[in-house]
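Trainee: Got a minute? I'd like to go through this structure with you.
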Amino acid sequence: MINKKKPEEYIRKILKDEYHDEWEKIFNDSALLQYLNLKSGAIHGNSKSRRSLANWYAIYAILNFYVNDGFVNNRKKYSDFDGFSYSELFNFQRMQYGGAKLQNHALNSRVNGEMADKITNDHSKYIIVRNGRKYLIHPDFIYVDGKDIAPVVLKIIKKYQKILYDKDHEFEVKLEELTTEKDLTKQRIQLKQLLTEDSEARIFEIISYCILETHYKGEHIFIGYTKESIKEEALRLYKTGRTNANDGGIDFVMRPLGRFFQVTEVGNYDKYFLDIDKINRYPLTFVVKTDKTAAEVKKELMDYGTEKSGGMKVLESKYHKAVEDVITINELKQWMDNMSEEEIKSTISEIDHYYKFEMNML
């Protein structure tokens, strides 16, 4: 297996409870367990990983019906089976926590591609076998050292669900306290406490958008096609879609200036320049989840752009110009300090709205 990652504590505990002294060998010999472990990054507050629910639920759906239909430890019966129908699998996924808007990409290709690229390095044998409109998990991924691990995998998936649910519920409690608090000073303090380097990635994106939207709408420019048509307009910020969307590096768009904003974290700057390259080096403003100063992050980006250019001045110039601005937690907190009572309440209301939208609660 080409991608070994230390097992998450919750996976280790479930495997140890089930297999005792053999748990580590089962883990090391199972591509499926290695894959689920690799996709568990979202349980950490400072994770850069997406929740990958589509990938989890594609596996969950098939194994759920596998267990319920009596295939556990009955490889011969399963080998004669032609698969579970797409409709029942898809409906099952949509019923899971956070799965209401999932599409079919994971069932059809994504899990197979990722497993082959990141775990097995084998594109000749895929984990999800497609038979027309029916799907199965390849039995070689279900049996490990002669043991059928499907029931244990279901425990792991359900625990992953529970951890994410508890993380979301924790924020719901804080959000409820924030919206019901009457004291403006306390509201401002509570709002600032939600902005940390350990903030969950989606929560940070929602909060940063609402602060930026409030901040910029208080700024005005003069614009027009001719001198006679020039008029004053407030800056308006728009979200381009749901958080963690695969949108080519554009999280927010500002009108009428046409500025692009990308929310990200300090870390591997390859991700920043991948976003820059995706949109043909159009200038980006990075909203960065860090306590570093904007000047520090921008200097690091400039240095990285110079390194990435390989000494070619024309590339170096394009990469440097593509970093239009950097905004960090420091600026977001500073702008909150300058907000009026009405603006604070409006920002909190927007956070509440977008959070419930992301959680499919609207």
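Mentor: Sure. Keep in mind that this is a predicted model. Start with the largest nonpolar core, which has 59 residues.

Trainee: Which residues touch the most other members there?

Mentor: Tyr10, Leu15, Leu36, Leu63, Tyr66, Ile137 and Ile156 do. Helix 4 (residues 53-68) gives this core its largest share, 12 residues.

Trainee: What does Ile156 touch?

Mentor: Leaving out residues up to four places away in sequence, Ile156 touches Tyr10, Ile11, Ile14, Leu15, Leu33, Leu36 and Trp56. There is also a second, separate core of 35 residues, with Leu194, Ile203, Tyr209 and Met339 among them.

Trainee: New topic. How many salt bridges are there?

Mentor: The structure has 26. One of them pairs Lys192 with Asp337, with the closest N and O atoms 2.5 Å apart. That pair links distant parts of the chain: Lys192 sits in helix 10 and Asp337 in helix 15, 145 residues apart.

Trainee: How exposed is Lys192?

Mentor: Lys192 is partly exposed, at 23% relative accessible area. Asp337 is partly exposed too, at 40%.

Trainee: And where do Asp166 and Lys162 lie?

Mentor: Both are in helix 9 (residues 150-180), 4 residues apart, about one turn of the helix. Their side chains form a salt bridge, 2.8 Å from N to O.

Trainee: Last one. At what angle do helix 3 and helix 7 pack?

Mentor: About 100°, with axes 10 Å apart. The two helices are therefore roughly perpendicular. Helix 3 makes the contact through Ala31, Leu32, Gln34, Tyr35 and Leu38. The contact residues from both helices divide into 7 nonpolar, 2 polar and 2 charged.

Conventions
Residues numbered from 1 in each chain as written. Predicted model: local features only at pLDDT ≥ 70, side-chain atom pairs only at ≥ 80, totals over all residues. Heavy atoms only, no water. Axes fitted to C-alpha atoms, helices over the stretch in contact; angles between N-to-C directions. Parallel < 35°, antiparallel > 145°, perpendicular 65-115°, else oblique. Contact = heavy atoms within 4.5 Å. Nonpolar A, V, L, I, M, F, W, Y, C, P; charged D, E, K, R; others polar. Core = buried A, V, L, I, M, F, W, Y, C linked by side-chain atoms within 4.5 Å. Buried < 20%, exposed > 50% of the residue type's maximum accessible area, 1.4 Å probe, protein only. Salt bridge = Lys/Arg side-chain N within 4 Å of Asp/Glu carboxyl O.
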